[in-house]
Every structure is written in structure tokens, then in C-alpha cells.
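Please examine the sequence and structure shown below. The paragraphs that follow begin with the packing of the helices, then turn to the sheets and the ligand.

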Amino acid sequence: MKAVAVKPGTPNSVHLAEQPVPSVGDVPEGRGVLVRTLKVGVDATDREINDALYGNAPPGFEHLTIGHECFGVVEEVGPAVTKVKPGDYVTCTVRRPGGSIYDKIGRSDITSEETYYERGINLLHGFLTEYFVDDEEFIVRMPVGLKHLHVLAEPMSCAAKAVEQAYEAQKRLQVWEPKRAFVTGAGQIGLLTTLVLRLRGLDVYTCARSPKEGNLKAEIAEGYGATYVSTSGTTLPDLANEVGKPDLIVEATGSSAVAYETMEVVGHNGAVVWTSITGGNRRTEVPTDHVNLNWVLGNKLLLGSVNANYRHFESGIADMALGEVTFPGVTEKILTNPVDGMDEYAEMMRLLVEDKDALKVYVNVADG
Ligand code: BGC
Ligand code: ZN
């Protein structure tokens, strides 16, 4: 069967590869679920893997099949599978357990090991193939009524985790009732985080560089009832002066400079969550005395959040459903750029690299 792959270490090596069709029997103890892939989303991670910034092939392979945002239909299940049945729509988690205590309790998303195993990203083949198989432990059922939001389940799981982690960590304060949040970045993570926070009743300011006029990202953020702020006109400190300092900031711009800037504006007892993965070597001047002083005097918290486990997929999917009835038709606007079939892999990568307006690029792998 066909697969879209890269040669890790070789920049711009995206190509079509051949892979054997997997079978339910590939997973021991009858726990295999064979999925026919319908759609796969790609994001900045796939772009950076193709740039050879990171990503490793599975042991024994020269290529790494990419794609970690999947949506498909169950084709066949092993005899021990109880959670899903043929015909169900599903997605699948990305990370697989290593050996730490966190991996053993189903929390590979917070593994304490330096090496992590992620399908389509590091050491494991991804989902941009005709079929894939996995242990039912990692297969997540998607309600049929959310079929039209397909590949957004994975980025949504990361947004759900980022917010959940802030709330978990803020239990340190005994009482934390956040009212105002800034979300920096209006890519898929920034917008989906905006949705998660709006559903929790926060006053959300979604901040990104592009001007507001004629901007789809602004339209989506405002469709969720947030305020879109173009940082080319209003800086984060300006915004904090105008509307008050936020209780929570979720940073998702992909810029480490902005990540540090958020530390200058969060309010007392506030939390900042960093989610951007910055593969480069950028250096920025930071007013360290000012941040340090305010950080200590304000009992502030900074945390990093990556990946998502099964539970975050479930809560993300529940929020997608609530989002559909609260802000009907808004979330699907994120799905801007479909690509027809895996043969169009070059066009997929071109959109990802060159088209700054392509909010979400995804491949229609098969009909269903
Ligand atoms: C993926 C996450 C993953 C992270 C780090 C993101 O693009 O969506 O699941 O943990 O990259 O590799
Ligand atoms: Zn991703």
C-alpha cells in the first residue's frame, strides 16, 4: 500500500513509499484494530520533519511514514477488542509508552524519558497510509456527528491538555477562578484553545500578528465569542494595560520570543502555558530582573505542555461536540485546505511551506 514518507536527516525528502498492509494480528493478545484511513492532517511538525530538523525512522527503516493527525473507519478488530467495532469512526493517539513510571500508568504524554516514541514523528511510522493498525488502548472513537471535523481531534487533544494542565497546576492556589485569558497564536492550537476556554466561560483575547480585516482566523476567534487582537497594532503589554492582566495565557505562536514576552504580562497568581515547539536557535533579550521580580511577587506559574493522552482526546472530542452546539459551524472553518489523495504529497508540502493562509492542510486519503 501507499504511504507518504520522508528520509530523516535529508531535507525535503518527502516521497511516496510502499509499505505492507498491516493486519489486526500485528498487535498481540487479540487487541489489534485495523483502520482504513480516510483523512490525515499535517502541521508545522510535518514541515519541520521534512526540513530534517527532527524526526527519526523506526529501527531497521530508512524512511519514516509521516502524519500524526488521523481519522478513519474501523475495518476489522481482533478477538479481544471491546471498545470499537467495524464501521466506527476513529482517531488515534500519537505517543506510545517508553519505560518510565508515567508511561506505565498511561501517561506517556508526560514521560520522564528523553527519548519519546510518536507515530509519524519519532521512531514509529505515522498514519499517512491507506491502512494502519494499533492496540485498542490507543484508538479513540469519534462520534458520527463530528465526522466533518475529522483530523482536528488530535490538535484539539493538545489544546484540551494545555488547558487541563493549567487548571490542575493552579490547584496550588486553593481557589483559582480565572476570568480573562490571552491566547497567543491563531493557528489550529490557538483557535482550538480559544474554543476550550470560551466553553469554560472565560473572556478570551486571541492575539496574532495578522491584521483583523478579512482575516479568517479573526473570524473564527470571534465566532467563538473571543476578541481577536492584531499584535502588529496592539502589543501584549498594550492589551494588558487596556483590558487588564490575564489570569491565564496559553502560548501557541511557534515563536520563543513571544513565549518570553507572555511572561511580562500575566497577572498575579496567573499561569502561562507554553505549547510551541521551536526547533531553531533564536536568541532574544529578556528583561530578566523585571520578570523575575514580578514572578516572585505575584506567585506566578509557567508550565510546558506537549502531546495528549487518551483522556485528553476524550475531553477534546467532548468540547468539539459542545462547541458545535454552542458556536455552530465555526470549527469547520479551520479546515481550509484539502488535498486530494496521497499522490498529491508535493502539493500538500507546498501548501504547508508556502501558503501562509493555509490554516489547516489535510489529505483526503479515501472516501467513506
Ligand atoms: C503533535 C504532538 C507531539 C508534538 C511533539 C505535535 O505536532 O501534535 O502530538 O507530541 O508535535 O512531537
Ligand atoms: Zn501536531
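At what angle do the axes of helix H4 and helix H9 cross? In this predicted model, the axis of H4 (residues 188-199) and that of H9 (residues 310-326) cross at roughly 75° and come within 10 Å of each other. H4 is therefore roughly perpendicular to H9, since angles of 65 to 115 degrees are placed in that class. On the side of H4, the contact is formed by Leu-195, Val-196 and Leu-199, and on the side of H9 by Asp-319, Leu-322, Gly-323 and Thr-326. By class, the residues of this contact comprise four nonpolar, two polar and one charged.

Helix H9 also packs against helix H3 (residues 153-169), at an angle of about 105° and with the axes 8 Å apart. This angle makes H3 roughly perpendicular to H9. From H3, the contact draws on Ala-153, Met-156, Ser-157, Ala-159, Ala-160, Lys-161 and Glu-164. These meet His-312, Phe-313, Ser-315, Gly-316, Ile-317, Asp-319 and Met-320 of H9. Seven nonpolar, four polar and three charged residues make up the contact of H3 with H9. Asp-319 of H9 is listed in the contact with H4 and also in the contact with H3.

The helices lead on to an open sheet. Six strands compose it, in the order E14-E13-E12-E15-E16-E17, with parallel pairing. Strand E14 (227-230) and strand E17 (301-304) are the edge strands, each paired on one side only. From one strand to the next, the twist averages 20°. Within this sheet, strand E12 (residues 180-184) pairs with strand E15 (residues 248-251) in the parallel sense, over four bridges. Thr-184 is found opposite Glu-251 of E15. Helix H3 packs on the sheet, where it touches E15, strand E16 (271-274) and E17, and its direction makes about 145° with that of E16. Helix H6 (residues 236-243) packs on the sheet as well, touching E12, strand E13 (203-208) and E14. The direction of H6 makes about 160° with that of E13.

Another open sheet has three strands, ordered E7-E8-E9, and its pairing is mixed. Strand E7 (95-96) and strand E9 (123-124) lie at the edges with a single partner strand each, so one side of each has no neighbour in the sheet. Strand E8 (residues 117-119) runs parallel to E9, and two bridges join them. In this pair, Arg-119 stands opposite Leu-124 of E9.

Which residues surround ligand 1? They are Asp-43, Thr-45, His-68, Val-94, Arg-95, Glu-118, Ile-121, Glu-154, Cys-158, Ile-277, Val-306 and Asn-307. This shell divides into five nonpolar, three polar and four charged residues.

Finally, the chain may be viewed as a whole. It contains 10 helices and 19 strands. Along the principal axes, its C-alpha atoms fill a box of roughly 60 × 40 × 40 Å. Why does its radius of gyration agree with that of a compact globule? For 368 residues, such a globule would have a radius of gyration near 21 Å, and the chain has 20 Å, so the two agree.

Notes. Residues are numbered from 1 along each chain as its sequence is written. Chains are lettered from A and ligands numbered from 1 in the order in which they are written. This is a predicted model: local features need pLDDT of at least 70, side-chain atom pairs count only at pLDDT 80 or more; totals for chains, interfaces and linings use all residues. A residue is near a molecule or strand if its C-beta atom, placed from the backbone, lies within 6 Å of it. Ala, Val, Leu, Ile, Met, Phe, Trp, Tyr, Cys and Pro count as nonpolar, Asp, Glu, Lys and Arg as charged, and the others, Gly among them, as polar. Two strands pair if DSSP finds at least two bridges between them. Axes are lines fitted to C-alpha atoms, for helices over the stretch in contact, and angles run from 0 to 180 degrees between N-to-C directions. Angles under 35 degrees count as roughly parallel, over 145 as roughly antiparallel, 65 to 115 as roughly perpendicular and the rest as oblique. Two residues are in contact if their C-beta atoms, placed from the backbone, lie within 7 Å. The radius of gyration is taken over C-alpha atoms; the globule rule is 2.2 Å times the number of residues to the power 0.38.
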